[in-house]
Amino acid sequence: MKSIKTTSLEQTFKFGEKLAEDLKSNIIGLNGDLGSGKTAITKGIGDYFGIKNITSPTFVVMKIYKTLKNNSKIKNLVHIDCYRLETYDALLDIGLSDYINDNKNLIIIEWADKISDYLPKDTIYVNFRLGTHENERIIEY
Ligand SMILES: Nc1ncnc2c1ncn2[C@@H]1O[C@H](COP(=O)(O)OP(=O)(O)OP(=O)(O)O)[C@@H](O)[C@H]1O
Ligand SMILES: [Mg+2]
């Protein structure tokens, strides 16, 4: 497992762009405390695919964005936030497995540990920790 330290929101965003450039899986699971940068990195990944309007899906569980990048195999970015979920049922109802099984989708899941039993083996997990300074974040991936 690799790890980097970022010291600003912008650096975490940029790391998201880099991760998107060299994607190893269509499913990315993000874990880490409240305010640790999960939505920030998602915005960076989205930016790589030409999506500029990502906002946290905490209250709606899932948001779908069309990618705007030419020649990309990825056509949709599906952003999920499990923070408020008690069980997997809500995601079953939404049809998450259909989204997962369509490799034109890039699925990014905040609080992914809550549903890791249901995620494919090749899911890439990215873990966030707060550093010692206010704007420091340790990102393991
Ligand atoms: N190095 C950093 N990387 C990312 N965010 C940072 C950093 N330093 C400070 N911040 C601040 O931390 C917050 C990160 O918020 P973000 O919404 O990305 O967290 P989150 O992990 O998605 O939280 P939640 O679990 O509530 O969804 C922002 O307010 C951002 O300005
Ligand atoms: Mg968030």
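A residue counts as near a molecule if its C-beta atom, placed from the backbone, lies within 6 Å of it. The exercises below use this cut-off on a predicted model.

**Exercise 1.** Describe the surroundings of ligand 1: which residues come nearest, and which helices supply residues of the shell?

Solution.
- Step 1. The cut-off gives 20 residues around ligand 1. Those that come nearest are Thr12, Gly37, Lys38, Thr39 and Ala40.
- Step 2. Look at the helices next. Helix H1 (9-21) supplies at least two residues of the shell, and helix H2 (38-48) likewise supplies at least two.
- Step 3. Sort the shell by class: 13 residues are polar, four are nonpolar and three are charged.

**Exercise 2.** Write down the strand order of the sheet and explain why one side of S1 and of S3 is left without a neighbour.

Solution.
- Step 1. The sheet is open, has seven strands with mixed pairing, and reads S1-S7-S6-S2-S5-S4-S3.
- Step 2. Strand S1 (3-6) and strand S3 (62-66) stand at the edges; each has a single partner strand, so one side of each lacks a neighbour in the sheet.
- Step 3. From one strand to the next, the twist averages 20 degrees.

**Exercise 3.** Find how strand S4 is joined to strand S5, and name the bridge partner of Ile80.

Solution.
- Step 1. Strands of a sheet pair through backbone hydrogen bonds, in a parallel or antiparallel manner.
- Step 2. S4 (residues 76-81) and S5 (residues 105-110) run parallel and are joined by six bridges.
- Step 3. The bridge partner of Ile80 in S5 is Ile109.

**Exercise 4.** State which strands H1 and H2 lie across.

Solution.
- Step 1. H1 lies across S1 and strand S7 (137-140), at about 145 degrees to S1.
- Step 2. H2 lies across strand S2 (27-32), S3, S4, S5 and strand S6 (124-130), at about 165 degrees to S5.

Notes
Residues numbered from 1 in each chain as written. Chains lettered and ligands numbered in written order. Predicted model: local features only at pLDDT ≥ 70, side-chain atom pairs only at ≥ 80, totals over all residues. Helix = DSSP H or I, 4+ residues; strand = E, 2+ residues; numbered from the N terminus. Nonpolar A, V, L, I, M, F, W, Y, C, P; charged D, E, K, R; others polar. Pairing = 2+ DSSP bridges. Axes fitted to C-alpha atoms, helices over the stretch in contact; angles between N-to-C directions. Contact = placed C-beta atoms within 7 Å.
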